[in-house]
Amino acid sequence: MKEMHDELEGYCRMLGHRLPFRYCRGANEGLPCRKIMDCWYDVFPVLEFLAGNYSEEELKAAFGAPRKTRIESIIEIVHRARNGVEDSGGE
Ligand code: SF4
């Protein structure tokens with residue numbers, strides 16, 4: 001559920017003020033901001049949030065080619081999360 005962390009607030013270094021996570025998850029043309037992992041990793045498991053709520057295509061579109069090693073880690077987490085879901089009989 002994408003809305004689960006919407007009410008959390010953090011300081012945005014790009015905009016210079018506090019804002020809710022709801023903004024961050026849609027700041028990139030409806031997809032997560034490229035900085036979302038840097039800004040939220042110490043607040044909640046943001047990688048797991050991304051893996052559980054976005055397709056590989058969406059993650060590639062959100063994070064783009066320049067950050068290839070990061071994309072690869074996200075995709076690996078998506079694969080792991082999906083395998084876990086399949087193992088437990090979900091989806
Ligand atoms: S994820 Fe993006 S929009 Fe959200 S606080 Fe960080 S830099 Fe700002």
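Which helix is E57 found in? Select residues 56–63 in this predicted model: that segment is helix α4, and E57 is found there. The residue is returned to below, after an overview of the chain.

**Whole chain**

Show the chain as a cartoon. There are five helices and two strands, and read along the sequence they follow the pattern β-β-α-α-α-α-α. Colour by burial next: buried residues make up 16% of the 91 residues. In a contact map, residues 24 or more positions apart account for 34% of the contacts with a separation of 6 or more.

**The hairpin**

Select residues 9–12, which are β1, and residues 17–20, which are β2. The two strands pair in the antiparallel sense over four bridges. Pick E9 and look across to β2, where P20 stands opposite. Then move to the turn: four residues lie between the strands, and G16 takes a positive phi near 80° in this hairpin.

**The ligand shell**

Keep β1 on display and add the ligand. The residues around the ligand are G10, C12, R13, M14, L15, Y23, C24, A27, C33, K35, I36 and C39. Which elements each supply at least two residues of this shell? They are β1, α1 (21–24) and α2 (36–40). Colour the shell by residue class to see nine nonpolar residues, one polar and two charged.

**The nonpolar core**

Hide the ligand and select W40, V46, L50, L59 and I74. Among the 13 residues of the largest nonpolar core, these five touch the most other members. Helices α1, α2, α3 (46–53) and α4 each supply at least two residues of this core. The helix that gives the most is α3, with four residues. As a general background, nonpolar side chains tend to be buried together in soluble globular proteins.

Centre on L50 to follow its contacts. Leaving out residues up to four places away in sequence, L50 touches P32, L59 and I74. Of these, L59 and I74 are also among the five core residues selected above.

**Back to E57**

Return to α4 and centre on E57. Is E57 buried or exposed? E57 is exposed, because 8 other C-beta atoms lie within 10 Å, and a residue counts as exposed at 12 or fewer. For a last distance, pick the C-alpha atoms of E57 and I75: they are separated by 9.6 Å, with the two residues 18 apart along the chain.

Notes:
Residues numbered from 1 in each chain as written. Predicted model: local features only at pLDDT ≥ 70, side-chain atom pairs only at ≥ 80, totals over all residues. Near = placed C-beta within 6 Å. Nonpolar A, V, L, I, M, F, W, Y, C, P; charged D, E, K, R; others polar. Pairing = 2+ DSSP bridges. Buried ≥ 20, exposed ≤ 12 C-beta atoms within 10 Å, placed from the backbone. Contact = placed C-beta atoms within 7 Å. Core = buried A, V, L, I, M, F, W, Y, C linked by C-beta atoms within 7 Å.
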